[in-house]
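Subject: Model for your review

Hello,

Here is the structure I said I would pass on. My notes on what turned up in it follow below.

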Amino acid sequence: MGSSESTPVQRPSSPPPPNPELVKPWRTFDWGQKEDLKKKLENFCPSHPDVNHVKILVAGEIGAGKSSFINSVDSAFLGRISSRALVNTADGDIVSSRSFTKNLKGFSIRSEKKKMPFIFKDIMGLEPEVLKGSQIEDIINAVYGHVKDGYKFNEEQALTYKDQQYNCDPNLSDQSFCLVYVIAADTVQYTDDCLLDKLKIIRQRISEKGIPQVIVMTKVDEACPLVQNDLRKMYTSKKIKKKMDLCSAKLGVPLTNILPVKNYHNEINTDDDIDVLLLKALEQIVQLADDRLEDTDSY
């Protein structure tokens, strides 16, 4: 007679999830260079005798973290959380989906010792619609120093030479020598094609004058759980590498000019790993801007 006990059915086991981490970092990064970067940037001096402060224009889609990036860089030098550039943290309504920055404003970066010789220019956020957000011409004019500080952006019409806020004869100190696009890592794959077209037009126009462009990729912690748990996994994260490759392909900016960072958001104290990413990004931005400044006579 057969046994009354039945043999349990063996179900095939599910394959393990793919490893989200690379075996080796795809970009070499020294996480212990914070103090060296701070000293180097504090001692920076513009290469042109007629320029005391190198200006850097910061542009990007609404909500990507432009103003937060400026505040975060300031925080990295001060050793405390800074919030000089106003940030909109509201969520879910019509007003909060619009740019919180309405006027062109410059922010000098401060260390514990002094104001440093570079200034971030914060501009109204970009929107996909043709007549919303920063006008393409406003951004280009701001790069070339034609837009005076305090100018209130008009969503319906770009600034023209007839306006009082138009600087007809900018000097070198009025001009920006690097354009920084801020793009959020968690939504880069959903970036509207119309917005990308705007960025490509701006990129093409200022490239004619040799103005370098850098992409600062924010919200890396929101885009990748691996990085959220340990920021030092940034350059072994497959997901972040994929996001950066996508960003490079969409905008035509080389990977060397794409810099992932985490902005300060809910922290009340600064963190060395957050700081070193921000300071390294700033170092590369400042170096590119100063290279262009040094080549001024070529354009």
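Setting aside residues up to four places away in sequence, S47 touches D290, L293 and E294. This is a predicted model, and the contact joins distant parts of the sequence: S47 and E294 are 247 residues apart along the chain, yet their C-alpha atoms are separated by 5.8 Å. S47 itself sits in the loop between helix 1 (34-42) and strand 1. Its relative accessible area is 33%, so S47 counts as partly exposed.

A second loop residue worth a look is N257, which lies between helix 7 (238-251) and strand 6. N257 has a relative accessible area of 17% and is therefore buried, the cut-off being under 20%. Apart from its neighbours within four places in sequence, N257 is in contact with Q213, V214, I215 and L288.

On the overall architecture: the chain has eight helices and six strands. Their order along the sequence is α-β-α-β-β-α-β-α-β-α-α-α-β-α. Of the 299 residues, 51% are buried. The accessible surface is about 15600 Å², and carbon and sulfur atoms contribute 49% of that. Among contacts in the chain with a separation of 6 or more, 72% are between residues 24 or more positions apart.

Now the sheet. Six strands make up an open sheet with mixed pairing, in the order 2-3-1-4-5-6. Strand 2 (105-110) and strand 6 (258-260) are the edge strands, each pairing on one side only. On average, neighbouring strands are turned by 30° against each other, direction ignored.

The pairings in the middle of that order are as follows.

- Strand 1 (residues 54-60) and strand 3 (residues 115-122) run parallel and are joined by five bridges; I56 has F120 of strand 3 as its bridge partner.
- Strand 1 and strand 4 also run parallel, again with five bridges; here V58 is partnered by V180 of strand 4.
- Strand 4 and strand 5 pair in the parallel sense over six bridges, with V180 opposite V214 in strand 5.

V180 thus appears in two of these pairings, facing V58 and V214. V214 is also one of the residues that N257 contacts.

How many residues of strand 4 are buried? Nine of the nine are, so strand 4 is largely enclosed by the rest of the structure.

Two helices that pack on the sheet are worth noting. Helix 2 touches strand 1, strand 2, strand 3, strand 4 (176-184) and strand 5 (213-218), and its direction makes about 25° with that of strand 2. Helix 4 (residues 193-207) touches strand 4 and strand 5, and its direction makes about 160° with that of strand 4.

Helix 2 (residues 66-78) also meets helix 8 (residues 272-294): their axes come within 9 Å and cross at roughly 105°. Angles of 65 to 115 degrees count as roughly perpendicular, so helix 2 is roughly perpendicular to helix 8. Helix 2 supplies F69, S72, V73, A76 and F77 to the contact, and helix 8 supplies D275, L278, L279, L282 and I285. By class, eight of these residues are nonpolar, one is polar and one is charged.

Regards

Key: Residues numbered from 1 in each chain as written. Predicted model: local features only at pLDDT ≥ 70, side-chain atom pairs only at ≥ 80, totals over all residues. Heavy atoms only, no water. Axes fitted to C-alpha atoms, helices over the stretch in contact; angles between N-to-C directions. Helix = DSSP H or I, 4+ residues; strand = E, 2+ residues; numbered from the N terminus. Parallel < 35°, antiparallel > 145°, perpendicular 65-115°, else oblique. Contact = heavy atoms within 4.5 Å. Nonpolar A, V, L, I, M, F, W, Y, C, P; charged D, E, K, R; others polar. Buried < 20%, exposed > 50% of the residue type's maximum accessible area, 1.4 Å probe, protein only. Areas by Shrake-Rupley, 256 points an atom, 1.4 Å probe, with all protein chains shown as cover. Pairing = 2+ DSSP bridges.
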